[in-house]
Amino acid sequence: MKVASALGAVEQLMADGTITPGDTLVDSSSGIYAYSLALACNKYGFNCHIVASPAVDPTLRTQLELLGVSVDQPTASADAKLDQAGRVERAIEFVKNHPRAHWMRQYHDRAHYAGYASIARQLADDLPATRIALVGGVGTGASTGGLHQTLGDLGREVELIGVQPYGSVSFASQDVEDPEFLIAGIGSGIPFANIEYGAYSDIHWIDFTYARSGCVELLREYGVFAGLSSGAAYVVGEWRASRIGFDEEYPVVCIAPDTGHRYLAEVFTSEVPVVTRDPQRYPLEVSRAEDLALPWCRTNWRRHGHAFPKPQGDA
């Protein structure tokens with residue numbers, strides 16, 4: 001998924017004359033985007049510098065370095081949100097000190113929407129239905145926003161359903177702690193300017209235990225080895241499909257952005273029993289941020305979004 005985003009952004013910035021081969025493209029990443037940007041730089045002749053999250057493991061770091069990426073990986077602190085903000089500051093500082101460096105701003109530049117246009121066109125061709133329910137982790141906002149935008153341009157009516165982890169500032173769950181929080185990629189610790197808040201119909205908050213159950217079910221039922229972001233989207237997508245009635249005229253599309261490799265120990269080989277989801281109790285319907293609670297909440301964002309304050313500094 002992020003390969004499409006990175007390639008689309010690089011191609012658009014090249015077309016605009018903002019960057020030229022030989023420049024160094026810089027960004028902060030927890031893993032998937034770093035690898036994608038490295039591939040885009042390799043394809044088009046750019047250098048690449050990544051300020052890496054502690055979540056970037058030795059296997060991924062080795063791949064990045066073999067692709068020619070210079071990796072700056074700060075030591076983790078006790079606060080993941082401060083880590084994220086600190087990595088952005090280090091990326092900005094690198095650009096200031098290197099004349100031919102360009103900050104890709106995956107959190108803030110709508111150029112990253114462009115990479116999803118081709119995927120949206122493929123979806124429109126494969127699913128001739130005029131209405132689509134699109135479910136995905138929000139993260140930077142680029143994947144759900146880019147797909148929603150292009151599908152709309154193609155004449156599709158899109159019900160956009162965003163998925164968030166607890167602890168994320170993007171949709172006001174920062175005060176609800178998930179003790180097993182591992183789904184940082186679909187949330188945020190700092191304001192993201194790429195999120196088009198008005199595009200979402202519903203927002204769901206999913207904790208680690210329910211996202212994990214989605215991962216295991218995806219593998220057992222469909223042979224899809226995917227990570228927590230994908231598991232969370234699947235849980236919400238299955239719920240929405242059950243409400244629609246599995247209607248071919250109103251298909252539910254889930255965005256599965258990541259593979260399961262880096263979650264092997266915590267998700268797939270852990271001896272902790274996989275939770276059995278309770279469809280009678282969850283998702284818990286909420287209408288304000290104060291009512292958010294584990295393991296799974298939902299709100300009609302169009303109706304209640306005003307009761308979930310956006311983070312200060314958001315564009």
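Here is a short walk through this predicted model, from one of its sheets to a few of its charged side chains.

Let's start with the sheet. Four strands lie side by side in the order β3-β2-β1-β4, forming an open sheet with parallel pairing. At its edges you will find β3, residues 70–72, and β4, residues 101–103, each of which pairs on one side only. If you compare neighbouring strands here, they are turned by 25° against each other on average, ignoring direction. To see one pairing in detail, look at β1, which covers residues 24–29: three bridges join this strand to β4 in the parallel sense. One place to look is Thr-24, whose bridge partner in β4 is Ala-101.

Next, find helix α8, which spans residues 228–244 and contains Arg-240. Is Arg-240 buried or exposed? Its relative accessible area is 15%, and buried means under 20%, so Arg-240 counts as buried. What does Arg-240 touch, if we set aside its neighbours within four places in sequence? Its contacts are Ala-133, Glu-159, Ile-161, Tyr-250 and Val-252.

Now to the charged pairs. Side chains of opposite charge can pair when their charged atoms come close. The model has 10 salt bridges. Helix α8 takes part here too, through Glu-238, which forms a salt bridge with Arg-277; their closest N and O atoms are 2.9 Å apart. Arg-277 sits in the loop between α9 (264–268) and β9 (284–285) while Glu-238 is in α8, so this pair ties together parts that are 39 residues apart in sequence. Glu-238 is partly exposed at 28% relative accessible area, whereas Arg-277, at 19%, counts as buried.

Another salt bridge joins Asp-202 and Arg-298, with 2.6 Å between the closest N and O atoms. This pair links distant parts of the chain, as Asp-202 belongs to strand β7 (residues 200–206) and Arg-298 to strand β10 (residues 296–300), 96 residues apart. Both partners are buried: Asp-202 has a relative accessible area of 5%, and Arg-298 has 15%.

Which other residue forms a salt bridge with Arg-298? Glu-285 does, and here the closest N and O atoms are 2.5 Å apart. Glu-285 lies in strand β9, 13 residues from Arg-298 in strand β10. With a relative accessible area of 45%, Glu-285 is partly exposed. Put these pairs together and you have one network, in which salt bridges with shared partners join Asp-202, Glu-285 and Arg-298.

Note on methods: Residues numbered from 1 in each chain as written. Predicted model: local features only at pLDDT ≥ 70, side-chain atom pairs only at ≥ 80, totals over all residues. Heavy atoms only, no water. Pairing = 2+ DSSP bridges. Helix = DSSP H or I, 4+ residues; strand = E, 2+ residues; numbered from the N terminus. Axes fitted to C-alpha atoms, helices over the stretch in contact; angles between N-to-C directions. Buried < 20%, exposed > 50% of the residue type's maximum accessible area, 1.4 Å probe, protein only. Contact = heavy atoms within 4.5 Å. Salt bridge = Lys/Arg side-chain N within 4 Å of Asp/Glu carboxyl O.
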